[in-house]
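Reader: I have just opened this structure and would like some guidance. May I ask a few short questions?
Author: Please do.

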Amino acid sequence: MDQEPAVRTEALTRVFEPKKKKEGSTVRALESVDLRIEQGELFGILGPNGAGKTTLLKILSTLLLPTSGKAYVAGLDVETQFNAVRQRINMVSGGEISGYGLLTVKENLWMFSQFYGIKSKVALQRIDDMLGEFGLLDKKDAKVRTLSTGQRQKMNVIRGFVTDPDIIFLDEPTLGLDVNASRVIRTYILDWLKDHPKKTVVLTTHYMAEADELCDRIAIIDNGRILACDSPERLKKMVRMNTTLSMDVTRLKDTAVFKTFPGVESFTFTEDGEKGLTKLRFVMRDESGVSDIVSAVLGQGSRIESLQKTEPTLEDVFIKMVGKGLE
Amino acid sequence: MAVMNDLRTIKNAAWLGWEMEANWADPFLFATYSIVKPISATLILVFMYMIVTGGNTDNAYFSYMYVGSALYMYIAEVLFGVTWIIHDDREHYMSLKQVYIAPIKFYAYILGRSAIKIAITTAGVIITLAFGVLALGVDISLWDVDWLLLLGSTALGMSCICVLGLALGGITFLTARHSIGINEGVAGVFYVMSGIIFPITALPTWAQSISKILPVTYWMDSMRRALMPDAMAELGSVAGVDVTGLSGISDLYIMVYLAISTAVFFALSMAVFKYADGVARRKGKIDWTSTY
Ligand SMILES: Nc1ncnc2c1ncn2[C@@H]1O[C@H](COP(=O)(O)OP(=O)(O)OP(=O)(O)O)[C@@H](O)[C@H]1O
Ligand SMILES: [Mg+2]
């Protein structure tokens with residue numbers, strides 16, 4: 001049992017049929033996903049909207065059944081041994097303002113801890129500690145309906161950890177939170193794993209920096225398929241063999257040409273309206289194409305304000321894999 | 001151990017139910033909602049009865065109808081209550097999935113929440129009955145009540161109603177808030193078929209055989225026997241005819257029938273619940289919210 005991975009899936013597939021035949025087509029939210037997450041890992045799932053991240057977490061947390069394939073959590077089949085799975089897990093979805101509005105924050109958290117059979121005294125102490133760490137202690141006796149969205153989300157994260165799960169699934173836990181709140185949650189996750197080396201965190205996120213900073217390993221998922229799965233370092237190394245180039249230029253008329261430029265693996269750009277600059281970012285097969293790009297930019301009558309070879313970021317990896325950025 | 005867990009779940013769910021229902025911050029609203037509303041349903045019935053019969057409430061049948069209507073509150077409140085609990089948990093509080101993935105038996109949770117519904121409804125039932133006795137001459141006398149029968153019948157009846165609520169709870173997993181009609185249908189079947197306001201002998205023969213399968217029929221009859229033995233004896237032989245259709249069955253047997261049909265419905269309800277639960281998980285309905 002102890003040698004079992006925290007999560008293991010075999011050809012896990014989930015299909016959503018449209019409600020009415022006329023309305024839309026079948027969605028293949030997960031397509032033959034093979035995944036193995038070890039105990040003690042902080043595992044990130046990164047993917048664009050509709051990639052299948054939430055679907056995967058729902059299956060792992062026994063909310064949804066697979067269409068085919070297998071999923072095991074702590075070595076237990078989520079389809080048939082869901083009762084045993086539920087003893088070991090918890091799940092939190094960010095961006096969702098759930099909770100019983102008539103109860104106080106403490107009551108809400110306490111009630112859920114009781115569903116997990118945690119001794120009342122232990123639970124209350126833990127709730128106090130966590131509310132303190134999350135900066136919510138002054139809201140302890142406030143009715144949940146009076147909390148702000150972010151405060152509710154913090155409460156929900158606490159709800160996830162307060163039951164002391166072996167494996168916790170966090171679906172975009174920092175979605176929409178301000179910088180401070182996000183940091184509090186990230187710090188908590190890291191400390192929790194440090195204190196409990198056998199516990200496992202599986203989280204999805206939209207924030208590349210968050211995934212990069214937090215995760216031991218990351219799976220990049222798109223259209224229900226896992227495109228890559230490795231440590232942030234190794235993922236970035238895959239891109240480091242290429243040349244990553246960033247360039248600030250003025251008055252660029254045509255950006256589309258660079259997408260299909262010879263030697264360019266991926267290309268993104270952002271407009272900096274204030275300075276009147278366009279920031280270009282290229283991942284190139286090698287350095288030989290750089291001069292062609294420079295002349296193409298100059299050929300459009302633009303001026304190059306800066307030009308840098310940079311370290312690849314996780315975003316570069318993502319763009320290369322998925323073919324587009326996250327925003 | 002498993003039993004202890006279930007008891008704990010029931011206790012916690014009941015606690016939650018109490019916190020949610022008895023929102024004492026507004027006792028007036030609470031009283032209106034949980035007592036005045038159910039009583040008014042009975043009073044409307046009384047009013048109609050008075051018009052039809054020219055105000056004659058001094059007979060065994062009026063007591064029969066009045067008590068039936070008062071006790072029906074339990075069925076209506078619990079059956080609708082369970083549905084609302086699930087819809088509200090899912091769509092309003094968005095907590096259904098959190099409760100659902102907790103290591104508890106979901107039906108123990110529903111039982112706990114229903115128990116509070118029952119407790120609150122009891123206040124309404126008692127007040128309604130007291131009003132009937134004091135103001136309208138309903139034939140209940142504390143000295144004549146068969147307390148043992150009342151106790152047994154109440155215990156079995158409440159279990160039975162919870163069991164029915166459970167099946168509807170499962171079905172509610174699959175329905176949207178606006179399709180609450182199933183409960184109205186089920187509650188309606190009991191209203192007509194179980195001798196709530198008119199005896200089952202008023203039904204066609206084929207319908208009577210359905211009545212005799214339904215646990216609520218026996219529950220109603222045994223409750224009336226316990227509460228108003230005189231009136232029931234009178235109705236058992238009106239000019240030699242058994243109006244209730246059940247007076248040939250002894251008190252003991254009526255309890256046995258109630259127990260058996262509750263057990264059968266328990267098995268059925270569990271099957272319905274398990275099935276609905278499976279479908280809900282397959283279709284992803286646990287955290288689904290209806291779009292209007
Ligand atoms: N209950 C459902 N019925 C039909 N289709 C669904 C259902 N749930 C998800 N889908 C579809 O499955 C695909 C994957 O959805 P999912 O929610 O897993 O994506 P996601 O990666 O979590 O996206 P996001 O970043 O937007 O949260 C989407 O195309 C979505 O429309
Ligand atoms: Mg999602």
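Reader: How much area is buried between chain A and chain B?
Author: In this predicted model, about 3000 Å² is buried between chain A and chain B, and carbon and sulfur atoms give 61% of it. Buried area is the accessible area (1.4 Å probe) that two parts lose on being put together, summed over both.

Reader: Which three residues supply the most on chain A's side?
Author: A:Leu63, A:Tyr100 and A:Phe115 supply 26% of the area that chain A buries against chain B, more than any other three residues.

Reader: How many salt bridges cross that interface?
Author: The rule finds one, in which the side chains of A:Lys58 and B:Asp287 meet at 3.1 Å, N to O. A salt bridge is a side-chain nitrogen of Lys or Arg within 4 Å of a carboxyl oxygen of Asp or Glu.

Reader: Turning to ligand 1, which residues come nearest?
Author: There are 13 residues around ligand 1, and A:Gly50, A:Gly52, A:Lys53, A:Thr54 and A:Thr55 come nearest; near means that a heavy atom lies within 4 Å.

Reader: What does the side chain of A:Thr54 do there?
Author: An N or O atom in the side chain of A:Thr54 is 2.6 Å from an oxygen atom of ligand 1. For A:Asn49, a polar side-chain atom lies 3.0 Å from a ligand 1 oxygen.

Reader: How are residues and chains labelled?
Author: Residues are numbered from 1 along each chain as its sequence is written, while chains are lettered from A and ligands numbered from 1 in the order written. Local features need pLDDT of at least 70, side-chain atom pairs count only at pLDDT 80 or more, totals for chains, interfaces and linings use all residues, and side-chain values use heavy atoms, leaving out hydrogens and water.

How values were computed
A polar contact is a pair of N or O atoms within 3.5 Å; within protein, one must be able to donate a hydrogen and the other to accept it, and residues adjacent in sequence count only if both atoms are side-chain atoms.
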